[in-house]
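Thanks for coming. Please have the sequence and the model open while I talk.

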Amino acid sequence: MHSAAEPLLALDDVTIRFGGIVALDGISFDLQPGRILGLIGPNGAGKTTLFNCVSGLYFPNNGTIRFDGRELLGRPAHRIAQLGITRTFQNIALFKTMSVLDNVRLGAHSGSSSNFVTDALRLGEAKRQAAIDETALELIETFDLTDCLHTRVADLPTGTQKRVELARALAGKPKLLLLDEPAGGLTHGEVGELGDMIRSICSERGVTVLLVEHHMSLVMSVSDQVVALDFGRKIAEGTPEEVQNDPEVIRAYLGGTKH
């Protein structure tokens with residue numbers, strides 16, 4: 001452990017193989033509460049594979065992943081979400097024919113604390129629905145989506161859809177937000193706005209963020225800590241400055257494209 005504080009997320013020796021390919025090779029790092037960790041590396045480095053392990057879509061061959069003191073391995077994805085982990089995807093995973101409001105409401109439902117008894121009896125249902133609507137509308141305002149409240153998501157530009165996806169992810173009131181390539185398809189100006197949003201998610205809402213991103217200037221401007229992967233191995237870890245200047249990282253990107 002890197003400090004007296006208990007990490008919110010702790011990976012220890014996480015390894016996963018697909019056939020003969022080692023996609024992640026003994027990955028270990030800690031993420032402290034209220035911090036932003038940027039995960040970088042060339043294509044095929046294992047970044048999305050690592051996300052899929054944390055969110056329960058893949059099961060590593062060995063190692064441990066602990067979240068808020070609980071072991072995640074072996075838990076199905078929906079149980080992991082209930083513990084307080086939400087994620088966005090490289091390809092926007094919204095319900096395109098539904099409105100902005102209904103998409104964000106869905107995110108709030110996944111994080112609401114009802115159980116099957118109250119659902120079956122519909123006890124407090126109106127109260128719960130009112131709380132969900134309040135959460136959804138507050139986030140829609142925060143992400144400047146009020147003007148398209150009832151617009152179908154399919155009719156919105158990419159940058160706006162990304163904001164809807166962020167609002168929906170936060171509606172479940174997560175402790176940890178996994179952002180998978182959030183800058184993909186955004187204009188230069190939108191990337192700057194996204195950086196501000198990620199910082200405020202962390203500082204104002206107290207949400208810890210794990211960020212996978214090719215957009216180097218975004219990662220380096222928002223992250224407290226950066227972990228670099230290459231061919232499934234961790235090649236560097238430290239502050240943005242330390243990782244940017246690490247010879248192994250520079251070597252990994254030589255011949256690759258740096259945005």
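Let me begin with a definition: a residue is buried when its relative accessible area is under 20%, exposed when over 50%, and partly exposed in between, using a 1.4 Å probe and protein chains only. What you see is a predicted model, where local features need pLDDT of at least 70, side-chain atom pairs count only at pLDDT 80 or more, and totals for chains, interfaces and linings use all residues. Residues are numbered from 1 along each chain as its sequence is written, and side-chain values use heavy atoms, with hydrogens and water left out.

First, salt bridges. Side chains of opposite charge can pair when their charged atoms come close. The rule here asks for a side-chain nitrogen of Lys or Arg within 4 Å of a carboxyl oxygen of Asp or Glu. That rule gives eight salt bridges.

Look at Arg 105, which is partly exposed, with a relative accessible area of 23%. Arg 105 pairs with Asp 102, their closest N and O atoms being 2.8 Å apart. Asp 102 is also partly exposed, at 30% relative accessibility. How are Asp 102 and Arg 105 placed in helix α3? They are three residues apart in α3 (residues 100-111), so about one helical turn separates them. Helices, I should say, are DSSP runs of H or I of at least four residues, strands are runs of E of at least two, and both are numbered from the N terminus.

Arg 105 also forms a salt bridge with Asp 133, where the closest N and O atoms are 2.7 Å apart. This pair links distant parts of the chain: Asp 133 sits in helix α5 (residues 125-142) and Arg 105 in helix α3, 28 residues apart. Asp 102, Arg 105 and Asp 133 are thus linked in a network of salt bridges.

Next, helix α6, residues 158-171. The 14 residues of α6 reach 20 Å from first C-alpha to last, close to the 20 Å expected at 1.5 Å a residue; the expected span is 1.5 Å times one less than the number of residues. Of those 14 residues, 13 are buried.

α6 also takes part in a cavity. On a 1 Å grid over the protein atoms alone, a cavity is a set of points where a 1.4 Å probe fits but cannot get out, and lining residues have an atom within 4 Å of a point. Grid points are joined across faces, edges and corners, and a volume is the space filled by probe spheres set on the points. The whole structure has three cavities of 30 Å³ or more, and the largest holds about 80 Å³. Its lining includes Gly 159, Lys 162, Glu 190 and Met 197. The elements giving two or more residues to that lining are α6 and α7 (188-205).

Last, backbone angles. Most residues other than glycine have a negative phi, and most peptide bonds are trans. Which way does the phi of Asp 68 go, positive or negative? Positive, near 55°. Asp 68 is in the loop between β4 (62-67) and β5 (70-71), and is partly exposed at 34% relative accessibility. Glu 181 has a positive phi of about 55° too, although it is not a glycine. Glu 181 lies in the loop between β7 (176-180) and α7 and counts as buried, at 10% relative accessibility. Lys 173, which follows α6, has a positive phi near 50°.

Conventions
On a 1 Å grid over the protein atoms alone, a cavity is a set of points where a 1.4 Å probe fits but cannot get out, and a pocket is an open set with protein on both sides within 12 Å along at least five of seven lines; lining residues have an atom within 4 Å of a point.
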